[in-house]
Amino acid sequence: GHAVFVEYHPPDIPLSQLIVAYCHQVVQATGNTLFVIDRAVNSVAMASAFAEQGWGLLCMLDDNEHHGLASFEATVVGELDDGTPVYSGEWQVPRPKDPRHFVIVASAEGKTLVYWGTEAFKKALEPTEWPRVYRERNEIQELNFKAMIDHGGLDINYGRKLIVGPDRHHQR
């Protein structure tokens, strides 16, 4: 929730190229080894990199990477506050080099959310807590983005619908 340090990178650099080095700095500064990161780091390679460090990483699978509960050997481990069942398990077809553990929430509307975490994250938090923790990351992150945009006045419109020439405010 609080900034530890600020580091500038080109806006077009993929997160996966710098996230492990960045997290090393966070661990050194705070001692925190649990990370919740959005789908930009969703890969077996990233899960392996975090697992090798002994760090916990919580992320989500993209919708095109699974076929709902049928993709997993899952058992019910609890339910959310609204009564939605929470499942935990591994891939239906084993993938020996995949260090990810899965928590699946299949809502009544037919939407299946698949969270994954490394072994360290699995030891730190109960599977029924994963959806709440991931949602909190979204809320905190979105509020911070709104505050940064508001502070810089980036969404202010002074009567022009079309900006002629380069938008210097967004560039700054």
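1. In this predicted model, the charged group of Arg100 is placed over the face of Trp116, at 5.5 Å from the ring centre. A second arrangement of this kind involves Arg95, which lies over the face of Trp91 at 3.7 Å from the ring centre.

2. Turning to contacts between rings, the count of aromatic pairs is eight. One of the pairs is formed by Phe72 and Phe102, with ring centres 5.1 Å apart and planes at 50°, so this pair is classed as tilted; the class covers angles that are neither under 30 degrees nor over 60. Phe72 belongs to strand β3 (residues 72–79) and Phe102 to strand β5 (residues 101–106). The two are 30 residues apart, and their pairing links distant parts of the chain. Phe72 and Phe102 are both buried.

3. The rings of Tyr115 and Tyr134 have centres 5.7 Å apart and planes at 65°, so the pair is edge-to-face. Because Tyr115 is located in strand β6 (residues 112–117) and Tyr134 in helix α4 (residues 130–152), the pair ties together parts that are 19 residues apart in sequence. Both tyrosines, Tyr115 and Tyr134, are buried.

4. A cluster of rings should also be noted: Phe35, Phe50 and Trp55 are linked into it by ring pairs.

5. For inspection of the coordinates, a pair of aromatic rings is described by two quantities, the distance of the centres and the angle of the planes. For Phe72 and Phe102 these are 5.1 Å and 50°; for Tyr115 and Tyr134 they are 5.7 Å and 65°.

Key
Residues are numbered from 1 along each chain as its sequence is written. This is a predicted model: local features need pLDDT of at least 70, side-chain atom pairs count only at pLDDT 80 or more; totals for chains, interfaces and linings use all residues. Side-chain values use heavy atoms; hydrogens and water are left out. Rings of Phe, Tyr and Trp (its six-membered ring) pair if their centres lie within 6.5 Å; planes under 30 degrees apart count as stacked, over 60 as edge-to-face and the rest as tilted. Helices (H or I, at least four residues) and strands (E, at least two) are DSSP runs, numbered from the N terminus. Buried means under 20% relative accessible area, exposed over 50%, partly exposed in between (1.4 Å probe, protein chains only). A charge sits over a ring if NZ of Lys or CZ of Arg is within 6 Å of the ring centre and within 35 degrees of the ring normal.
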